[in-house]
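Trainee: Could we go through the terms used for this protein, setting each value against its definition before we accept the word?

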Amino acid sequence: MTGFAFLPTLSNFDVERAAHLIQLGYGPSTSTTTPEDLKRIQHELFEIQKRPEAWGLVIPLLNHDDQNVQFFGAHTAQVKVARDWDAFPQEHAERLRDLLVQLTAHSIAIGRPNFILRKLFVALASLAIKLVPGRPSRWENWIISCVQAFSEKGGSAHRIHQFLVIVAEEVGGADLLGPAKLQVQQGLKDAIPMVVQAIAASVNQPRGVIPISQVQAALQTLQAWMNIFPADNLVPFIPTLIGLLDSSDDDDSLFLAASDALQEILSKSPLSDGAGTKTLTEPLLLWLDTLGSQIVSSTVQSNDVSETSHSLCKLLAALGDHSALYLAANISSTAPVSLGKTKGYLVQTFLRLFMAYTGLQGFYGEDEEESELTLSFWYLFQEALWSADYFEDEEDDTPPTSKDPAQVTMAKSVYIELVQILRKKVAFPPSPTGWNKDQIDKFNVYRRDVGDTLINAFYVLRDDMLSYYINELLKQLNGVEPNWQDVEATLHCVTSVQEAVDLEKAPQLARLFSQDILGRLPTTGHNRLRKTALSVIGTYSTWFTTYSKYSPPPSSSSVSGDSTSLLLNVLNYVVTALTDPALCLQAAVALRNLCDTNRKALAPHIVAFGQLHNGLEGIPDSEKSKVLQSIASVIQALPPQEMVSPVEAIVSPVVQKLVSALQTASSIPDEARAVVILQLEILAAISKGLTRTTESLYGDDDEDPAMQAEIEQIKTAREEPRMQRIRDDTFSSIRSIVNIWSVDAEISHTLSDLFKSITSLPSDITLISLPAGPLLELICVAAQKQLTATWLSLAAILIAQLNPPPLTYLSKPPPVGDAQAIVSNVLPVLLQCGLSALAVPGAMEANPDIVQEFFSCMDRVAQDFTKTFYIIPPGLLDALMQCAISSLALQERYSLVAAANFMSNLIHRSSLTSELNTHKMVLLSSHGRAITRAILQGFAGVAPRSVVPNLIEMLGALMNRSSGTDGGPATVAKWMQEILFSEDFVPSKAGPETKEKFIKAVVASRSLKKTREAAQQFALVARGLEGSSFGYASVIAM
């Protein structure tokens, strides 16, 4: 063995101490070792392993009698190579290489167990990554030389295959770039002939000649090297692998190994993505037609999925994913393949076998697990049908001019069968199922996945699929005793395809919502069925609006009448379920969706909604807000002058309950608090319902004369005394709630939702909308008691409403005087609250949500009310800037980004007018250098790498928006020079040359793009990421 005197040494005491600790921590005595003892032992071992002399542990520990100690010796070799290589004397690198090879060969020869050999193999691979790159390379043909060394020591083929697997895993995924990566990859390529020969020697032998374990190891090598081999090296193995797919053997281990290898070839090799139709796809299709079909037939007959059958299902799924285009193009092809079998026949056989697994008997998760494996194929197959050249003809290179009718017919027949099978598969067993919660949840996930597959089927079948479901429902309901599980399954399928249905071309749904189907569903019991029916109604709520445009007159309708009668029929079904605790959630959601999307159609029936309001006490509290939002949506469709009384009818009781609860807050606080939360939720829901629906925030409707007239009518109706009183009482109640419960997290959250709902832009004003200014002042009151992210977020929203966007994109006028005065009053309060809270040591790190929302709020002010920052009491702006600058050192990304955006926008907005520009010059003269320093230290590693783009934006703002005495590019460059070369600049990998290059590039830049490139390169070098794929990927992501 190569001498090892070059290795650092440890004293015998240290070696024995390490061995003792290993035995104490990992040997049989661990049963008496406490977790604290184990932690201490592990820490001591780690400290020993960190020492430069720890190289001297490898040989003594490997020679120990205890296998746990031997493992730690091998582990130390791996760790020292991977982690401490830079500290190893490079003049001894080749001697260490030879020593590790010999130690590994010796360990193989004396039969050390796998877990030790694996560590030694990994150590060799790690060492190769260090030694192979370079000119000249310090380890040419390292894989071949290792294998030769192992063989000379009597290493078995099994052990060599294990080594080759480690090589592919460790070296193939090494984080290298440029020449180093090319050299290492070339080392793998140079070994390909030897690896191919080793695999072939193990698998290309008659059965029984080679031990099964060796064949399995060879197939694992094939899988590991699959991404390294070119396609030409893989193709010769395919017939051998298919030949190993013999289910007649009692031992199915070879079948499973060969199936796994073929799955890898289909999905992860150079032959993936549809390549190799002649060498891979068609041979597998021929095997499926003979032996594969026998396995499937046996599975279906016995209703038992063996391990072999399960593996075949996975192989079918892999083949389907790989060859979807081939299968789609040849589904009806008459081109021959072999022995009179056509492509169309083989494709149809594949689809038949695949469908057998999709429709396995029993319930998914309970009786079988395979049907779910097949679902993703049907998406790929549907996409392939759209893009395939139908009826492929290899003798004619002319593309087809039209779709082949036989192909289209065959594709539709396949998907019709799929739809029928999946409808059965999603049916629940009869109640009681006997399933626990996990089983039910798993089956529901499967049903959702089936729903995605049904959408793909719908794109092939279109109206035929919807008609099938409707007819199936009629057939099921016409039975003497309907199978309600089947009815529910069909309804679930109808719900699942909604997003693909063109609602303007779906008149079949009229039958669904008529008395023929919906009218015959049970209204008591059968909770799962009724929940699904309610889900169908809620999902298709917009259909009633579209159907009204083309529905026939009531007298000529052969189904059930016009859209209004259908809508009322559906509403009756929904309302009936509202009082059922098990169904009220689904019923309330369906009602809300129906009323929101069909406001105008339902407005004439407002009296019926008054009756619904009168029966509100019978509806569970948890759903009352949804019901009242539904009623409010219908009220919103009335003419403004007719809205006053209905609005008063639904809002006044809510406000009265708030007032009553506030009066009892001191005597029965818990009950009062619960009432307040419920009524605030209801009030927020009503506010949402009363807000008109628009296509977009800046829709053309806002400029429509009719809409402008309606807004004026709403403003007039707002002046009605009853509405004024409701708004006054509402605000008074909110103010009292803030005074009493503003520190209550749940009430704060509920108030937040209410504030967002009950305030609006001018174009969306309602009868009960409250102005933003007074609510903003209440937020200040709450923030002074306890600053939270909720209050800061609300403040930003309300500040934006004080300066609403224009109706056109041409310009945005400055804020009006009243709004400016409000912000001038609240900004100092918010600043004092925020700065006081964040000034506490550790507060910024402990409260990233507050930091983020605080600077987001300041950013909002900077964009809409820039001038306000320069008229607040002296010292506040300086304190804010100092806080923002310190925030650039935070490790929480969103906090840092918010602070950076605030400073960038403040600098930018302050440059737009001469008055503000004067203030900006003073600001930058005071804080420009500190901002620059924070940016540069962020580049060098103080800030997370993900925020480098935001820091670049700040640097660009400084360079482009600085002028004159406040900085300017020259002054910023001077700051950069001083900061980068100062002794107290954060330590980094960037040397003087890199820093000078960065400064020159930034100064010479005339665009943000050039500044970005220079800053990204500097950040990579400073962080030590230059030349790594990790660093390169981070730049691409930016």
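Trainee: How do you know that there is a kink in α44, and on which residue is it centred?

Mentor: The bend at a residue is the angle between axes fitted to the seven residues ending there and the seven starting there, and in α44 this gives a kink of about 55°, centred on H927. Bear in mind that this is a predicted model, in which local features need pLDDT of at least 70 and side-chain atom pairs count only at pLDDT 80 or more, whereas totals for chains, interfaces and linings use all residues. Residues are numbered from 1 along each chain as its sequence is written, and side-chain values use heavy atoms, with hydrogens and water left out.

Trainee: What makes the span of α44 short?

Mentor: The expected span is 1.5 Å times one less than the number of residues, which for the 29 residues of α44 (914-942) comes to 42 Å, while the end C-alpha atoms are only 36 Å apart. Helices here are DSSP runs of H or I with at least four residues, strands are runs of E with at least two, and both are numbered from the N terminus; the protein has 49 helices and two strands.

Trainee: Why is L339 called exposed or buried, and what is unusual in its phi?

Mentor: Buried means under 20% relative accessible area, exposed over 50%, and partly exposed in between, with a 1.4 Å probe and protein chains only. L339 has 82%, so the word is exposed; this residue lies in the loop between β1 (336-338) and β2 (341-342), and has a positive phi of about 50° although it is not a glycine. R462, in the loop between α21 and α22 (463-477), likewise has a positive phi, near 55°, but with 38% relative accessible area R462 is therefore partly exposed. Most residues other than glycine have a negative phi, and most peptide bonds are trans.

Trainee: Which peptide bonds are cis here?

Mentor: R135 and P136 are joined by a cis bond, with omega about 0°, and so are S431 and P432, with omega about -5°. P136 sits in the loop between α6 (114-131) and α7 (142-152), and P432 in the loop between α20 and α21 (437-461).

Trainee: Why is L761 called buried or exposed?

Mentor: Its relative accessibility is 17%, so L761 counts as buried, although its place is in a loop, the one between α36 (745-758) and α37 (772-785). Of the 1038 residues in the protein, 51% are buried.

Trainee: How many disulfides does the structure hold, and what would make a pair count?

Mentor: A pair of cysteine sulfur atoms within 2.5 Å would count, and the structure holds zero disulfides.

Trainee: What makes a space a cavity, and how many are there?

Mentor: On a 1 Å grid over the protein atoms alone, a cavity is a set of points where a 1.4 Å probe fits but cannot get out, and lining residues have an atom within 4 Å of a point. Grid points are joined across faces, edges and corners, and a volume is the space filled by probe spheres set on the points. The count comes to three cavities of 30 Å³ or more, and the largest has a volume of about 110 Å³. Among its 16 lining residues, Q636, L690, E710, I714 and I765 are closest to its centre, and α34 gives the largest share of the lining, four residues.

Technical notes:
1 Å grid on protein atoms, 1.4 Å probe; cavity = no way out; pocket = protein on both sides within 12 Å on 5 of 7 lines; lining within 4 Å.
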